[in-house]
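I opened the model today to look up its strands, its core and its cysteines. My entries follow in the order in which I made them.

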Amino acid sequence: MPDNRVVQGRMVTPKRLAELVEDDSVMEADRIEDAERECPDCGGDVLKVGYMPSVTAFVTGYKCQDCDWGTREE
């Protein structure tokens with residue numbers, strides 16, 4: 001599985017994908033994976049990435065490859 005993926009027509013790294021979900025900078029991010037679910041807004045493919053928004057937190061972020069939809073789970 002590649003480290004970088006295409007999201008909304010742009011190639012993104014795991015850290016950049018996490019920043020798109022978080023809408024802020026992050027400390028570190030794991031590999032991008034397929035979330036095996038459809039976007040609730042447009043029906044497109046959803047990616048997931050685990051990341052650390054701070055020293056004491058680890059969350060999983062989900063982002064649609066085709067639209068602005070994104071969410072996170074703590």
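Entry 1, a strand pair. I began in β4, where K48 is the bridge partner of E33. The model is predicted, so I noted the limits: local features need pLDDT of at least 70, side-chain atom pairs count only at pLDDT 80 or more, and totals for chains, interfaces and linings use all residues. Residues are numbered from 1 along each chain as its sequence is written, and side-chain values use heavy atoms, with hydrogens and water left out.

Entry 2, the fold. I found one helix and six strands, and the order along the sequence is β-β-α-β-β-β-β. Helices here are DSSP runs of H or I with at least four residues, strands are runs of E with at least two, and both are numbered from the N terminus.

Entry 3, strand pairing. Strands are taken to pair if DSSP finds at least two bridges between them. β3, residues 28–38, runs antiparallel to β4 and is joined to β4 by six bridges. I also noted D45 in β4 as the bridge partner of E38. The two strands form a hairpin with six residues between them, and G43 in the turn has a positive phi of about 85°. β4 also pairs with β5, residues 57–64, in the antiparallel sense over seven bridges. There V46 has C64 in β5 as its bridge partner. Two residues make the hairpin connection from β4 to β5.

Entry 4, the loop glycine. G43 sits in the loop between β3 and β4. I read its relative accessible area as 36%, so G43 is partly exposed. Buried means under 20% relative accessible area, exposed over 50%, and partly exposed in between, with a 1.4 Å probe and protein chains only. From G43 to T13 the C-alpha distance is 23 Å, for a separation of 30 residues in sequence.

Entry 5, the helix. Which residues of α1 are buried? I listed P14, L17, A18, E19, V21 and E22. They pack against β1 (5–7), β2 (10–12), β3, β4, β5 and β6 (70–73). I checked E19 separately: its relative accessible area is 19%, so E19 counts as buried. Not counting residues up to four places away in sequence, E19 touches D24, S25 and V26; contact means heavy atoms within 4.5 Å. Just after α1, D23 has a positive phi of about 60°.

Entry 6, the cores. A nonpolar core is a set of buried Ala, Val, Leu, Ile, Met, Phe, Trp, Tyr and Cys residues joined through side-chain atoms within 4.5 Å. The largest has 11 residues: V7, V12, L17, A18, V21, V26, I32, L47, V49, Y51 and V59. Both α1 (14–22) and β4 (45–54) supply at least two residues of this core. A second, separate core has seven residues, including A35, V46, Y62 and C67. In soluble globular proteins, nonpolar side chains tend to be buried together. I also listed the contacts of V59 beyond four places in sequence: E22, V49, G50, Y51, P53, R72, E73 and E74.

Entry 7, the cysteines. How many disulfides does the structure hold? I counted zero, with a disulfide defined as a pair of cysteine sulfur atoms within 2.5 Å. C39 is in no disulfide, and its nearest cysteine sulfur, in C67, lies 3.6 Å away. C39 is buried because its relative accessibility is 4%. Why is C42 not bonded to C64? The closest cysteine sulfur to that of C42 is in C64, and 3.6 Å is too far for a bond. C42 is partly exposed at 43% relative accessible area.

Entry 8, whole-chain values. The radius of gyration is 11 Å, which agrees with the value near 11 Å for a compact globule of 74 residues. This radius is taken over C-alpha atoms, and the globule rule is 2.2 Å times the number of residues to the power 0.38. The C-alpha trace spans about 35 × 20 × 20 Å along its principal axes. I have 36% of the 74 residues as buried. Of the contacts with a separation of 6 or more, 38% are between residues 24 or more positions apart. The exposed area is about 4600 Å², of which carbon and sulfur atoms supply 41%; areas come from the Shrake-Rupley method with a 1.4 Å probe, and for residues only the protein chains shown count as cover.
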